[in-house]
Amino acid sequence: MRHFLPLLLLPLLAACATPREACEARATKDLRVMNTLIAETRANVDRGYAIEREPYVSTRYQICARTGDGPVEAVWCNRSETRYRDKQVAIDPAAEQRKLRNMIAKRDQLQREARAKVSACRQAYPEG
């Protein structure tokens with residue numbers, strides 16, 4: 001999941017981009033995602049296990065304001081929050097290798113499609 005954070009920020013960056021840059025970013029989005037997944041799968045194969053982010057709920061104590069009939073009071077209160085920890089997960093290396101080969105083949109297809117889309121962007125928006 002941590003690899004997808006930059007993708008979540010992409011819309012903010014796209015707001016500052018020229019129309020051509022925004023078009024090219026949309027045209028290459030799937031390719032960038034696939035490259036991220038390929039890198040993650042290669043790392044899993046190299047390590048021999050995967051790392052997953054596991055959510056858990058913890059309680060945090062903080063000072064809260066309590067209002068009532070009288071003045072506002074500062075009191076201690078419990079707040080639940082979701083945190084994440086990394087968890088090692090066993091993988092089937094042969095299955096991961098097959099998955100990696102399939103993703104590489106798909107990436108090759110996405111590269112061809114992205115080149116055509118980027119070319120169309122450059123024709124639609126000649127000044128960059």
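User: Let's start with Tyr56. Which residues does Tyr56 touch, not counting those up to four places away in sequence?

Analyst: Leaving those sequence neighbours out, Tyr56 touches Glu81, Thr82, Arg83, Tyr84 and Arg85. Keep in mind that this is a predicted model.

User: Okay. Where is Tyr56 found?

Analyst: Tyr56 sits in strand β1.

User: And how far apart are Tyr56 and Tyr84, in sequence and in space?

Analyst: They're 28 residues apart in sequence, and their C-alpha atoms are 6.0 Å apart.

User: Why does Tyr56 count as partly exposed?

Analyst: Its relative accessibility is 25%. Partly exposed is the class between under 20%, which is buried, and over 50%, which is exposed, so Tyr56 falls in the middle one.

User: What about Tyr61, buried or exposed?

Analyst: Exposed, because its relative accessibility is 57% and the cut-off for exposed is over 50%. Tyr61 is in strand β1 too.

User: What does Tyr61 touch, not counting residues up to four places away in sequence?

Analyst: Trp76, Cys77 and Asn78. Tyr61 and Cys77 are 16 residues apart in sequence, with 5.7 Å between their C-alpha atoms.

User: Let me zoom out. How many helices and strands does the chain have?

Analyst: There are 3 helices and 2 strands. Going along the sequence, the pattern reads α-α-β-β-α.

User: How much of the chain is buried?

Analyst: Buried residues are 19% of the 128 in the chain. The accessible surface comes to about 9500 Å², and carbon and sulfur atoms account for 54% of that.

User: And the contacts, what share joins residues at least 24 apart?

Analyst: Taking contacts between residues at least 6 apart in sequence, 72% join residues at least 24 apart.

User: On to the helices. Why does the span of α2 agree with its number of residues?

Analyst: α2 covers residues 19–47, which is 29 residues, so at 1.5 Å a residue it should span 42 Å. Its end C-alpha atoms are 41 Å apart, which agrees.

User: Where is the kink in α2 centred?

Analyst: On Thr28, and the kink is about 50°.

User: Interesting residue, then. What does Thr28 touch, sequence neighbours up to four places away not counted?

Analyst: Thr28 touches Ala114 and Val118. Both of those are listed among the buried residues of α3. Thr28 and Glu113 are 85 residues apart in sequence, and their C-alpha atoms are 8.6 Å apart.

User: Which residues of α2 are buried, and what do they pack against?

Analyst: The buried ones include Arg20, Cys23, Glu24, Leu31, Met34 and Ile38, along with Thr41 and Asn44. The buried residues of α2 pack against β1 (49–66) and α3 (93–124).

User: What comes just after α2?

Analyst: Gly48, which takes a positive phi of about 95°.

User: Same span question for α3: what's expected and what does the model reach?

Analyst: α3 has 32 residues and reaches 45 Å from its first C-alpha to its last, close to the 46 Å expected at 1.5 Å a residue.

User: And which α3 residues are buried?

Analyst: Glu96, Leu100, Met103, Arg107, Leu110, Ala114, Val118 and Cys121. The buried residues of α3 pack against α2.

User: Hang on, Glu96 is on that list. Why does Glu96 count as buried?

Analyst: Because its relative accessible area is 11%, and buried means under 20%.

User: Which residues is Glu96 in contact with, leaving aside neighbours within four places in sequence?

Analyst: Thr41, Asn44, Val45 and Ile91. Thr41 and Asn44 are both among the buried residues of α2.

User: Last topic, cavities. How many of 30 Å³ or more are there?

Analyst: The structure holds 1. The largest cavity has about 50 Å³ of space in it.

User: What lines the largest cavity?

Analyst: Arg26, Ala27, Thr28, Asp30, Leu31, Leu110, Glu113, Ala114 and Lys117. So the kink residue, Thr28, is part of the lining.

User: Which helix gives the most to that lining?

Analyst: α2, with 5 residues. α2 and α3 each supply at least two.

Notes: Residues are numbered from 1 along each chain as its sequence is written. This is a predicted model: local features need pLDDT of at least 70, side-chain atom pairs count only at pLDDT 80 or more; totals for chains, interfaces and linings use all residues. Side-chain values use heavy atoms; hydrogens and water are left out. Helices (H or I, at least four residues) and strands (E, at least two) are DSSP runs, numbered from the N terminus. The expected span of a helix is 1.5 Å times one less than its number of residues. The bend at a residue is the angle between axes fitted to the seven residues ending there and the seven starting there. Buried means under 20% relative accessible area, exposed over 50%, partly exposed in between (1.4 Å probe, protein chains only). Contact means heavy atoms within 4.5 Å. Accessible areas come from the Shrake-Rupley method with a 1.4 Å probe; for residues, only the protein chains shown count as cover. On a 1 Å grid over the protein atoms alone, a cavity is a set of points where a 1.4 Å probe fits but cannot get out, and a pocket is an open set with protein on both sides within 12 Å along at least five of seven lines; lining residues have an atom within 4 Å of a point. Grid points are joined across faces, edges and corners, and a volume is the space filled by probe spheres set on the points.
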